[in-house]
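Please open the structure in your viewer and keep the selection tool at hand, since each stop on this tour begins with something to select.

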Amino acid sequence: MVNSCRKLNCSIYIGFYCSAIILPLICICSQFSQPTIDQFTKDPGAFPVATNGELFPWRELRLPTVVIPLHYDLFIHPNLTSLDFVASEKIEVLVRDATQFIILHSNGLEIMNATLQSEEDLRYRKPGKKLTVLSYPTHQQIALLVPEKLRADLRYSVAIDFQAKLADGFEGFYKSTYRTLGGETRTIAVTDFEPTEARMAFPCFDEPLFKANFSIKIRRESRHIALSNMPKIKTVEVDGGLLEDHFGTTVKMSTYLVAYIVCDFNSVSGTASSGVKVSVYASPDKWSQTHYALEASLKLLDFYEKYFDIQYPLPKLDLVAIPDFASGAMENWGLITYRETSLLFDPKTSSTSDKLWITEVIAHELAHQWFGNLVTMEWWNDIWLNEGFATYMELISVNATYPELQFDDDFMNTCFEVIKKDSLNSSHPISNQAETPTQIQEMFDAVSYKKGACILNMLKDFLSEGKFKTGIIHYLKKFSYRNAKNDDLWNSLSNSCLESDFTSGGFCYSDSKTTSNTLSFLGENVEIKEMMTTWTLQKGIPLVVVKQEGGSLRLRQERFLNGVFREDPEWGPLQERYLWHIPLTYATSSSNEIHKHFLKSKTDTLDLPETTSWVKFNVDSNGYYIVHYEGHGWDQLITLLNQNHTLLRPKDRIGLIHDAFQLVSAGRLTLDKALDLTRYLQRETSIPALLKGLEYLELFYHTTDRRNISDITENLKHYILQYFKPVIDMQSWSDEGSVWDRTLRSVLLKLACYLNHTPCIQKATELFSQWVESSGKLNIPTDVLKIVYSVGAQTTAGWNYLLEQYGLSLSAAEKNKILYALSTSKHQEKLMKLIELGMEGKVIKTQDLAALLHAIARNPKGQQLAWNFVKENWTHLLKKFDLGSFALRMIISGTTSHFSSKDELQEVKLFFESLKDQGVHLEIFQIVLETISKNIRWLEKNLSTLRNWLLISI
Ligand code: BES
Ligand code: ZN
């Protein structure tokens, strides 16, 4: 897409043909990377051709900065019967340098008319001058050619009339439908713009840097309501019995945050401490599920306003549950939109993990009202400044507002999840180049969100919470209503230290000799920016290798690579030029103290007291690095866990389990060592630690089961059920206990039933029968609901009944559980039926298709089916989902990344290659291929070890 203008290779004929039209333009193109006279005459072919055959005067994907928007007056009239909209806008622009054209984004809009007025025209009420509109769809741009050149430093008003159909997908201004209790299907119209889809709804300067104010008017029927970023100021009646809502003018903001909705939803409202009115909207029959979201959003808004010491700047905040939604939620300023499962809590069917998710999503989107909306990244390459911060703030805010959710103990998993991807060579740096809409969409991935959050958490741990907080507040205040880049953040974090106390401990500027961005840390100078760029501009994760030699510890850092072994020829080259500045922490047997060391060279040495019997690095797993203990290090830690595991903190025990199994994948630790390390788990009282150990055993079970390695699968099943029997037998079928008690119950019972553990199957069957007998009225404990449904789905009658209930249920939380249960059937024709329903998009909505395919692919009976379906229906899928979208990436990785044989790898490779030939390049392809190779490698290396370990363990 980027180079399409080059590919066009305009013939000389077009060059000549166009020159007469282009010539008047040429003379004015002087500065700001506008095309110059030289460029046009020497190389007319380098300019793209507009749809009408004329040369389009702009060839870059990014807009010129000579004309900038100040204010948009936007009028929209959607028709929810004919499913289209007519609209008009007036954009007030400032011309920074003389020009004869204005380049704007516009995608799929029919432009009926465009005129221009100067300030003078406006003053004397002169009519607008008609503009010629050229369109270059490849770049989603239009050019407005002005009859007389626009003069520098003057303001102009551009008026455009346009129309379009409401979009079919999930982007731009699109339609969404829902079923009422009475079975009626109703339509609403809603926007979703991030990152580059505002241009589908109105012509605009659709880049985050072009912040402007927006005044929006929406025409609607009286049976509907309209919502937008700002509160409604007034409603006027217009011809034909229609109503027109006028909304207040927004603060300065980027186009991707503009939003409006026309619907017939109901709401609940409350007022935050600062007086901001918060409302939660849902379709009328789901209104009763909105209360938890209101409570949570009020609490979280109060929290953020205090924490950031910056008021939420709008008078209201609406949270709306949208029936068809591409992602989990979107942070539009003042009008946050959510998938129903991310906002609606139904006490009868929403589990503890559903509640945690809703709280997390609300916390995330509210954090964006500051990180993202108030201060926005300059360009999408730094989307982590939005998403990494919002993800990090989830941790801070949910811990503070809902300590009972014990979210803190779950944060490590956020880091562990991204480590899986970041330890592949196909990973990318947090700040990564992205130009085309597809590349920009691909930036919304685990690296931006999760690694971003994890390195912020590491930095907070390094600087101390107070210093970090001061720094980010400094950043938010300094860049309010503006844009920022990485360096701005690092400077703010460094300077915040300057402004606060100089004297408190070893973390702040020690004396005037240090440069302004340098902290003194344990006698060493630490440049925050220099340190942090090793985490943001370099991909991957470091491995810290520790070896105890007498009274000292030898330290070495490497790049950690999953699936590439040290003996492989590629290992060496893949290590070259990687170096991180790592804030190490460690605990030893000698004291309770947490020691710190800043490692910024390849190797280093630490002195230890002679009496030290063990050392554990990365205290509480706050650092983004993996640790390997050479020599007797691991043995000492295994002994320690077996003798008295409570000498290590729970998060350290979890970290050890995680790192040990990662090191197995990297060929650095034998599998039996890692498995031996988990033997202490029988005495483990920390549920997250227990779950971490179980997770790996379960993973191995699924891997061998998929490959039909039946002896190991059977033995693993036997081992898990025997080893965890006491704790499985302890579980009640209820919703009692703390969040972690409840999570443990869900995980254990799900696994026990999956492994056909008789008492589990019996209980679930009994509950399912009772539920069917009660015609779906019986309340089953929410944490075991999914398990009961899954067991019930194994008979044809049960499966059919569940499908029927799926169509009737008004709880998105319940529907998700039913859909999962349906996807666990062993009957391929049933699985195929689900896929067909998902493709049809009526009973099973298109928004749920990706998760459905993913779930089916995880079912050993469905893995081939799902993958074949994707291959054979690729073009159909592409019609439903954008390249680079969450959904498409999830479909690709969900249906392939569990493969673990050479044949499968070959097959996937061939398919991806055929797509590449069609011009489809996606980062996810490389990630998947590398993941499959890693799986193959793992099995080759570890299968016999696993087999033998099980033989001696059961
Ligand atoms: N800004 C994103 C929504 C988004 C995602 C826009 C992808 C464009 C592309 C929003 O803040 C977000 O991150 N949503 C998450 C939920 C969150 C709790 C992780 C999502 O949609 O999954
Ligand atoms: Zn986000």
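Select ligand 1 together with the residues around it: in this predicted model there are 16 of them, and Glu194, Gly328, Glu331, Glu387 and Tyr449 are the ones that come nearest. If you colour this shell by residue class, you should find 7 nonpolar, 4 polar and 5 charged residues.

Next, colour the shell by secondary structure, and ask which elements each supply at least two of its residues. They are the strand β19 (329-330) and the helices α6 and α7, and among the contributors α6 gives the most, with 4 residues.

Now display the side chains of Ser327, Glu365 and Tyr449, and look for their polar atoms beside the oxygen atoms of the ligand. A polar side-chain atom of Tyr449 lies 2.6 Å from an oxygen atom of ligand 1, while for Glu365 the distance from a side-chain N or O atom to an oxygen atom of the ligand is 2.8 Å, and for Ser327 the corresponding value is 3.3 Å. How much of ligand 1 does the protein bury? Taken alone, the ligand exposes 510 Å², and 89% of that area is buried by the protein.

Move on to the zinc ion, which is ligand 2, and select its protein donors: His364 and His368, each through NE2, and Glu387 through OE, at 1.9 to 2.1 Å from the ion. Read along the chain, these donors follow the spacing H-x3-H-x18-E. Because His368 belongs to helix α6 (residues 352-368) and Glu387 to helix α7 (residues 384-401), this pair ties together parts that are 19 residues apart in sequence. Are these two residues, His368 and Glu387, buried or exposed? Both are buried. Glu387 is worth keeping highlighted, as it is a donor of the zinc ion and also one of the residues that come nearest to ligand 1.

For the last stop, hide the ligands and select the strands of the open sheet, in which 8 strands run in the order β5-β4-β8-β2-β1-β11-β14-β13 with mixed pairing. At its edges you will find β5 (129-130) and β13 (232-238), each of which pairs on one side only. Zoom in on β13 and its partner β14 (residues 242-247), which pair in the antiparallel sense over 6 bridges; within this pairing, Val236 stands opposite Glu244 in β14. In general, the strands of a sheet pair through backbone hydrogen bonds, either parallel or antiparallel.

Key
Residues numbered from 1 in each chain as written. Chains lettered and ligands numbered in written order. Predicted model: local features only at pLDDT ≥ 70, side-chain atom pairs only at ≥ 80, totals over all residues. Heavy atoms only, no water. Pairing = 2+ DSSP bridges. Donors = N, O, S within 2.8 Å, 3.2 Å for Na, K, Ca; no water. Buried < 20%, exposed > 50% of the residue type's maximum accessible area, 1.4 Å probe, protein only. Near = heavy atom within 4 Å. Polar contact = N/O pair within 3.5 Å; in protein donor to acceptor, adjacent residues only side chain to side chain. Areas by Shrake-Rupley, 256 points an atom, 1.4 Å probe, with all protein chains shown as cover. Nonpolar A, V, L, I, M, F, W, Y, C, P; charged D, E, K, R; others polar.
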